[in-house]
Protein chains: 2
Amino acid sequence: VNPKQIAAEKAVSYIQDGMRIGLGTGSTAAYAVSALGRRLEGETLRLSCVATSMATEQLAQQHGIALETWDRIDRLDLSIDGADEVDPQFRLIKGGGGALLREKLVAMVTDREIIIVDDSKIVPALGRHPLPVVVTPYAWQSTQARLITHFGVPAPVRYAVDGSLFLSDDGCYVLDMAFGAPLPDLETLEARIKSIVGVVETGLFIGLCQHLIIGSSTGEIREQQMPRQ
Amino acid sequence: VNPKQIAAEKAVSYIQDGMRIGLGTGSTAAYAVSALGRRLEGETLRLSCVATSMATEQLAQQHGIALETWDRIDRLDLSIDGADEVDPQFRLIKGGGGALLREKLVAMVTDREIIIVDDSKIVPALGRHPLPVVVTPYAWQSTQARLITHFGVPAPVRYAVDGSLFLSDDGCYVLDMAFGAPLPDLETLEARIKSIVGVVETGLFIGLCQHLIIGSSTGEIREQQMPRQ
């Protein structure tokens, strides 16, 4: 049993005719796109979908899922995405795949954000996974220096597989801040990092997950729901 | 007498051999680049210069000013830039030209930021000029909606001369928030706007100007200095 896949299929079962849907990014979210594609082969669902990355756009097109443009959408009923860490309050670290900016923009307008993970992503406190921070390329070295000075932790720039600097879909670089767990001052940390000149967005998602689906390699699926804050 | 030009020439007179220099953007800053080019024809100055826009990069090259890369610079001794509004506390609205992100990144690492303006830019309180806010293109409509909801003022997207959306050098759009003067809660406004998901930077510059040079059409030049906060 693939824990990511069973969680993804469960999440896709909540999609109903007429819904506006946000499609997440990453290996777990990709299972959801595939599962939605299979549902669309068997039933007629009129959906308005948006994708959180160019990779997911391509995947959606491969699965026959039409995509909507943002001038025609102001809210989403349901979005399905993965996460790198989830704490007991449904707070998340996202951005290991580098799509956190678009994922956060989608989550912000989503009524029910379903986060699908395997049970290895559930943690008592966030921070073992580095916190991805999106920065503007211009003078990024000075932004990195400010982050290191302000927070006193390493903030290495992310590299792509080919050895060049990792460039996000939005043309930004990503710094992976190594706070360690537990993240300090979690409620204010997001605002403090975002306030730094040169920072575009952080991978901290607070109050943005309403529904958690956890797949286990034993085949068990656990679900937890939280009202939107 | 051109008030912008005489202010620019005064600012350039502070540039000394060995300095690291930030070159601003816009019509007033362009006079400074020209004036620096003329100085370099007559004297030998070893400078390390960075430009705050692609337009200024081109202008610098046309004037024989070599540009440095950010992996070789961590601080700047002196930068020269313009502003759309300046208040009595040296607080600025910048971004009418759309280069505010790079201008702010440069100002952040500058020991002496010299702002050069004609006297029409001096105001008792900021806000008559719209406040430019840089946003990410993806789902920018949702970011605009959040800004309008949070602040209750119009935030139209900026258009280029050709009728397309204005795109900054960093590939972002600009919303011009029409607060009106005086800007409310000036000290916290910058942080509040920046905290909105999708916002990259605001055109509010607080504590980032150390030296003001004001040119008048009468030929008078006034200077005011403030220690770095």
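A polar contact here is a pair of N or O atoms within 3.5 Å, where one must be able to donate a hydrogen and the other to accept it. Keep that in mind as we look at how two chains meet in this predicted model.

Let's start with how the chains are arranged. Turn chain A by 180 degrees, with 0.0 Å of shift along the axis, and it lands on chain B with an RMSD of 0.0 Å. That is the relation of a two-fold axis. If you'd like to find that axis from chain A, look for Val200(A): among the residues of chain A, its C-alpha comes closest, at 2.5 Å. Both copies use the same surface, too, as 100% of the contact residues of chain A recur in chain B.

Now for the interface itself. On each side, 28 residues take part in the contact between chain A and chain B. About 2300 Å² of area is buried between the two chains, and carbon and sulfur atoms give 68% of that. What about salt bridges between chain A and chain B? The count is zero. Polar contacts, on the other hand, do turn up: nine residue pairs across the interface fit the rule, with both residues at pLDDT 80 or more.

Which parts of chain A touch chain B? Strand 2 (48-51), helix 4 (100-108), helix 5 (140-151) and strand 9 (199-202) of chain A each give two or more residues to that side. Helix 4 of chain A provides the largest share, with six residues. Sorted by class, the side of chain A that touches chain B has 14 nonpolar residues, along with seven polar and seven charged ones.

Technical notes
Residues numbered from 1 in each chain as written. Chains lettered and ligands numbered in written order. Predicted model: local features only at pLDDT ≥ 70, side-chain atom pairs only at ≥ 80, totals over all residues. Heavy atoms only, no water. Least-squares fit on C-alpha atoms with pLDDT ≥ 70 in both. Contact = heavy atoms within 4.5 Å. Buried area = accessible area lost by both parts, 1.4 Å probe. Salt bridge = Lys/Arg side-chain N within 4 Å of Asp/Glu carboxyl O. Polar contact = N/O pair within 3.5 Å; in protein donor to acceptor, adjacent residues only side chain to side chain. Helix = DSSP H or I, 4+ residues; strand = E, 2+ residues; numbered from the N terminus. Nonpolar A, V, L, I, M, F, W, Y, C, P; charged D, E, K, R; others polar.
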